[in-house]
Amino acid sequence: MKKNKIFAFLIVTLLLLLTACGSNKIPNATNWELADFEHINQDNEPFGLSDLKGNITVATLIFTNCSTVCSPMTANMAKLQAMAAEQQLPVQFLSFSVDPERDDPDTLKEFAERFDADFNNWNFITGYSQKYIEEFGQKNFKTWVVKPKNDPHAEVIHGTSFYLIDQNGIIVKSYDGIDVPYEEILDHIQILTNE
């Protein structure tokens with residue numbers, strides 16, 4: 001009888017410990033694996049998946065010629081960067097251009113500087129074809145990236161999410177990049193930092 005009580009106590013304790021460990025996990029995680037890539041950043045330097053590994057990253061897809069959502073999204077990312085710096089969170093930021101034929105490194109750098117982007121931990125990526133980023137966006141971020149073919153002045157259509165990528169290159173969560181849940185993202189960065 002005594003052995004049964006001890007055994008039951010051990011089982012309950014183990015279950016409580018497992019529950020406590022699970023409470024620090026990010027809810028509704030996507031867990032999409034980010035494919036290997038290597039392109040160039042705003043300084044015309046190589047930047048790829050190997051530069052993300054070991055780091056927590058917040059990524060998005062934008063383009064400099066955008067007349068609607070990209071400037072607000074980049075301003076929101078800049079605000080998130082400043083908030084993370086205030087909390088001394090170890091996170092980097094990444095913006096993929098969805099209009100790489102127009103967005104060369106100099107154009108991206110000039111665009112980023114309008115938002116006071118800190119290039120110490122924020123890279124703006126280009127150096128690939130339009131077809132590539134359309135497929136990359138769909139396969140990795142599960143979002144559409146479409147440049148209308150018949151109108152040379154038409155803007156790229158794309159999603160407006162921010163994506164949290166863990167230290168292993170796994171996209172663990174997506175968030176609204178327009179109406180940004182800043183505190184939730186910062187909390188989730190903290191969870192990844194403590195893992």
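**Salt bridges, a sheet and a few odd loops**

Hi everyone, let me start with Glu 195, which counts as exposed, with a relative accessibility of 56%. Before I go on, please keep in mind that this is a predicted model.

So what does Glu 195 meet in a salt bridge? The partner is Lys 25, with 3.4 Å from N to O. This pair links distant parts of the chain: Glu 195 sits in the segment after α6 (182-194), Lys 25 sits in the loop between α1 (2-22) and β1, and they are 170 residues apart. Lys 25 counts as partly exposed, at 48% relative accessibility, because the exposed class begins over 50%.

How many salt bridges does a search of the whole structure find? The count is 5. Let me show you some others.

Please look at Lys 109 and Asp 43, whose closest N and O atoms are 2.6 Å apart in a salt bridge. Here too distant parts of the chain are linked, with Lys 109 in helix α4 and Asp 43 in the loop between β2 and β3, 66 residues apart. Both count as partly exposed: Lys 109 has a relative accessibility of 26%, and Asp 43 has 33%.

Now, please turn to Lys 147 and Asp 99, whose side chains form a salt bridge at 2.9 Å, N to O. Lys 147 comes from the loop between β7 and β8 (157-158), and Asp 99 from the loop between β5 (91-97) and α4, so this pair ties together parts that are 48 residues apart in sequence. Are these two buried or exposed? Lys 147 and Asp 99 are buried. Through salt bridges with shared partners, Asp 99, Arg 102 and Lys 147 become one network.

Staying with charge, there is a negative patch on the surface, where Asp 104, Asp 106, Glu 110 and Glu 113 gather. Glu 110 belongs to helix α4, residues 105-113, and counts as exposed at 54% relative accessibility.

On to the sheet, which is open, has 6 strands with mixed pairing, and follows the order β1-β10-β9-β4-β5-β6. Which strands stand at the edges? They are β1 (32-33) and β6 (122-125); each has a single partner strand, so one side of each is left without a neighbour in the sheet.

My favourite strand here is β9, residues 161-165, which is mostly covered, with 4 of its 5 residues buried. On one hand, β9 pairs in the antiparallel sense with β4 (residues 56-62) over 3 bridges, and Thr 57 is found opposite Ile 165 of β9. On the other hand, 5 bridges join β9 to β10 (residues 170-176), also running antiparallel. There, Phe 162 has Tyr 175 in β10 as its bridge partner. The hairpin of β9 and β10 has 4 residues between the strands, and in this hairpin Gly 169 takes a positive phi near 80°.

That brings me to backbone angles. Most residues other than glycine have a negative phi. Yet Asn 44, not a glycine, has a positive phi of about 65°, and Asn 44 lies in the loop between β2 (38-40) and β3 (46-48). Lys 142, again not a glycine, has a positive phi of about 55°. You can find Lys 142 in the loop between α5 (130-141) and β7 (145-146), where Lys 142 is partly exposed with a relative accessible area of 44%.

Thanks for listening!

Notes: Residues numbered from 1 in each chain as written. Predicted model: local features only at pLDDT ≥ 70, side-chain atom pairs only at ≥ 80, totals over all residues. Heavy atoms only, no water. Helix = DSSP H or I, 4+ residues; strand = E, 2+ residues; numbered from the N terminus. Buried < 20%, exposed > 50% of the residue type's maximum accessible area, 1.4 Å probe, protein only. Patch = residues over 30% accessible without salt bridge, like charges linked within 9 Å, V, L, I, M, F, W, Y side chains within 5 Å. Areas by Shrake-Rupley, 256 points an atom, 1.4 Å probe, with all protein chains shown as cover. Salt bridge = Lys/Arg side-chain N within 4 Å of Asp/Glu carboxyl O. Lys, Arg positive; Asp, Glu negative; His and termini not counted. Charge placed at Lys NZ, Arg CZ, Asp CG, Glu CD. Pairing = 2+ DSSP bridges.
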